[in-house]
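Please open the model in your viewer and keep the sequence beside it, so that each stop below can be selected by residue number.

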Amino acid sequence: MESQQGQSPDRGSDVSGPKQSSVSSHGRQRNSSSSTCKDFLRKFVDNELLTSSLDDWFSGHSEDCGFKKPAFDVPFDLSELQNFDYAIEGVTFQQLVRMPNALHASTSDIFEATAHLALEDFLHAAIKGLWQTFWGPDESMPFSVACIHSTSSKFYPAEKAISSGKLDGVCATAVLLKNLKHSQGRWDHIVVLALLRPDIGMFSGQNDQQPSPAVLGEALFFALRVLLSRSLSRSSTVLQNSDCVYVLLVDSQFGGVVNVQGDLNKLDFDLNNVYDCAADWIKKHAQITVSSVDRVWNKLGNANWSDIGTLQVLLAIFHSMIQFRGAPKYSLDELATEHSSRLQSRRSERHLVSRQGNGNGLFRFQQQSHSPEIVEVQEEGAVNVKPKEILKLEVGSIILMEDADWQKGFQINDILTDSEPPIYSATPVEEPTKTYLLYVGSSPSHLEPAWEDMNSWYQVQRQTKVVTLMKQRGISSRYIPQMVSSGRVVHPGPCNKPNSNGSCGHPWCSTPILVTSPVGETISNLIRNGLFGVDEALRCCHDCLSALAAASSAGIRHGDIRPENVIRVNNSSGHPHFVLIGWGHAILEDRDRPLMNLFFSSTFALQEGKLCAASDAESLIYLLYFCCGGVCPELDSVEGALQWRETSWSRRVIQQKLGDASAVLKAFADYVDSICGTPYPMDYDIWLRRLRRTFSEDHGKEIDSSS
């Protein structure tokens with residue numbers, strides 16, 4: 001693979017405009033007018049001349065840098081890369097053209113051709129995977145990949161360059177913004193640039209692990225050409241990104257990232273001395289960051305998608321895509337938090353969860369000196385990974401919540417659940433006749449993505465998102481909770497947090513709160529007190545189905561139906577109804593994963609890690625089965641839970657138990673059993689009508705079906 005010298009054509013990168021403008025006797029034109037910039041770009045064609053102008057700076061012999069070698073920061077620190085790694089953990093990147101290994105190359109020509117094809121395929125796989133993950137698969141891909149020819153400045157696929165015998169002239173590979181008017185590509189449409197050069201990896205074992213001055217000088221040359229081309233664009237989107245560009249440096253095994261930022265208005269456009277002017281701008285006005293050189297491809301030519309080298313390249317591409325397409329539909333931080341959910345699922349697979357499937361279930365392992373066995377220690381002796389101080393509220397206490405515009409106090413009336421975190425019944429201090437459900441999360445400063453129990457995050461932050469989304473989509477039902485307000489805890493003492501999203505260090509600072517309506521008693525409490533009978537089973541089935549029907553009309557599924565997430569609400573009319581709460585684990589789209597619960601999760605959820613159309617209804621059947629006195633089995637593994645489900649359905653144990661309570665519940669169980677795991681949608685309407693008719697026949701009045 002021969003190094004191309006990046007010779008660009010005299011007519012420049014799509015800058016065919018006015019001829020060279022006249023300048024003063026000194027050849028200077030300090031204002032970066034369009035014509036002057038075009039002329040400057042036409043003359044700025046040789047990367048070796050720029051590198052030569054930067055030699056003293058690179059070697060530390062330049063007075064401009066105090067006779068010190070430049071020290072470059074890295075574009076991404078380790079925490080950024082780790083967070084990005086969490087975000088793309090479940091993403092499938094598929095490079096089909098393998099990167100050839102130089103040691104096993106048959107001829108240099110074949111090796112170079114394959115390497116260019118592999119680089120193009122790598123970039124295509126990267127932008128496709130990132131686009132579908134962060135922006136969604138429904139929108140068409142706005143980017144393409146092509147090679148740049150040094151003598152014509154034209155863009156075309158590597159295959160075309162190889163077939164036409166022009167591979168020797170390829171100087172770079174680019175990710176381009178698609179443009180119908182300029183389908184052949186333009187320099188100002190370059191999103192990110194990749195330079196395929198030999199021996200990038202020879203610096204991977206050095207202390208600084210950064211590219212050589214020659215390679216770095218070439219990267220700076222191309223970076224400045226892209227920035228100059230963008231500054232001449234007629235597109236406002238391109239123009240606003242004329243101060244930042246990423247350049248990727250790769251060989252057949254290793255890769256690195258160079259990022260250049262700077263204000264081109266500070267570039268001295270001396271048309272008689274373009275390289276010295278460019279070098280001066282780079283030394284004094286450009287902010288340059290250079291990553292370490294790390295392995296990207298293994299010896300088989302497959303990309304190591306989750307290794308440092310590849311993550312650096314992917315993160316640079318991701319930031320470049322944001323430059324041209326704006327903020328993604330799904331934020332990086334939002335996707336990164338799903339790592340904890342996947343970790344919880346993995347622990348469930350390994351049977352490291354409590355028998356209810358919802359506790360922390362953390363275990364430590366001891367190795368006795370007298371025995372090689374690994375001994376499981378009870379949960380009480382588990383390593384304490386929780387924060388030292390979690391906000392616990394007592395009955396009668398008052399908590400102050402602040403929103404963007406106001407503060408409001410709530411007095412705690414009762415603690416409704418024994419689960420962690422608890423759910424409170426609270427009354428606004430200024431409106432003592434009203435009562436709401438109040439959820440308190442964990443302070444952001446306490447969250448440790450790898451091990452922190454994410455129950456509070458799902459219960460507060462994500463449930464806030466879900467109920468807000470349901471309101472935006474027009475879902476209104478008396479069987480679904482309504483958000484009253486959300487905000488942050490106001491803690492005692494002074495607070496000096498740097499901004500609205502920050503924390504001052506107090507253990508309660510920025511702790512999120514969610515307040516919803518209505519308030520009721522959980523099914524688990526009703527069963528404990530012997531208050532759940534046949535009437536309640538029929539009402540519960542009808543009301544929960546109504547909630548699921550309303551949510552499914554907007555493409556939302558609950559994913560966490562259990563006794564603690566259904567409450568009975570008493571009202572002035574004397575006709576209580578049930579409300580399905582706990583929407584924090586709701587499934588909004590295919591990539592979301594439900595909470596695994598050995599007792600109440602559907603068979604499809606336990607097998608596939610996702611929901612089918614009837615999964616929530618199946619969970620409701622299990623809920624009613626246990627509430628109606630069904631035998632509670634000892635379940636300690638997913639395999640055991642699946643075996644119990646298969647046996648119970650095949651022997652019709654569930655149908656018979658529900659039949660003891662009501663024939664319509666037995667028929668409903670048969671219906672759910674027939675469509676579980678299939679793509680067929682639930683017919684909610686027919687079962688809601690049958691439930692209302694049954695209740696009317698038995699009790700002489702209809703269930704209130706108003707929404």
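The tour goes from a barrel to a helix, then to a sheet and the nonpolar cores.

This is a predicted model, in which local features need pLDDT of at least 70 and side-chain atom pairs count only at pLDDT 80 or more, while totals for chains, interfaces and linings use all residues. Residues are numbered from 1 along each chain as its sequence is written, and side-chain values use heavy atoms, with hydrogens and water left out.

**The barrel.** Begin with the closed barrel of six strands, in the order E11-E12-E13-E14-E16-E15 with antiparallel pairing; strands (E, at least two residues) and helices (H or I, at least four) are DSSP runs numbered from the N terminus, and two strands pair if DSSP finds at least two bridges between them. From one strand to the next, the twist averages 45 degrees. Now select E13 (residues 423–428) and E14 (residues 436–440), which run antiparallel and are joined by four bridges, with Leu-437 of E14 as the bridge partner of Ser-425.

**Helix H13.** Next select H13, which lies across E13, E14, E15 (482–489) and E16 (512–517) and runs at about 45 degrees to E16; such angles run from 0 to 180 degrees between N-to-C directions, along axes fitted to C-alpha atoms, for helices over the stretch in contact (heavy atoms within 4.5 Å). The 18 residues of H13 (residues 455–472) should span 26 Å at 1.5 Å a residue, taken as 1.5 Å times one less than the number of residues, and the end C-alpha atoms are 25 Å apart, which agrees. Of its 18 residues, 13 are buried (under 20% relative accessible area, 1.4 Å probe, protein chains only). After H13 comes Gly-474, whose phi is positive, near 80 degrees.

**The open sheet.** Move on to the open sheet of three strands, ordered E17-E18-E19 with antiparallel pairing, whose edge strands are E17 (521–522) and E19 (577–580). Thr-522 stands opposite Ile-567 in E18. Helix H15 packs on this sheet, touching E18 and E19, and its direction makes about 40 degrees with that of E19.

**The cores.** Which residues have the most contacts inside the largest nonpolar core? In this core of 71 residues, they are Leu-545, Leu-665 and Phe-668; a nonpolar core is a set of buried Ala, Val, Leu, Ile, Met, Phe, Trp, Tyr and Cys residues joined through side-chain atoms within 4.5 Å. Its largest share, eleven residues, comes from H15 (residues 534–552). Apart from this core lies another, of 55 residues, among them Phe-58, Cys-171, Leu-193 and Ala-219.

Note on methods: Buried < 20%, exposed > 50% of the residue type's maximum accessible area, 1.4 Å probe, protein only.
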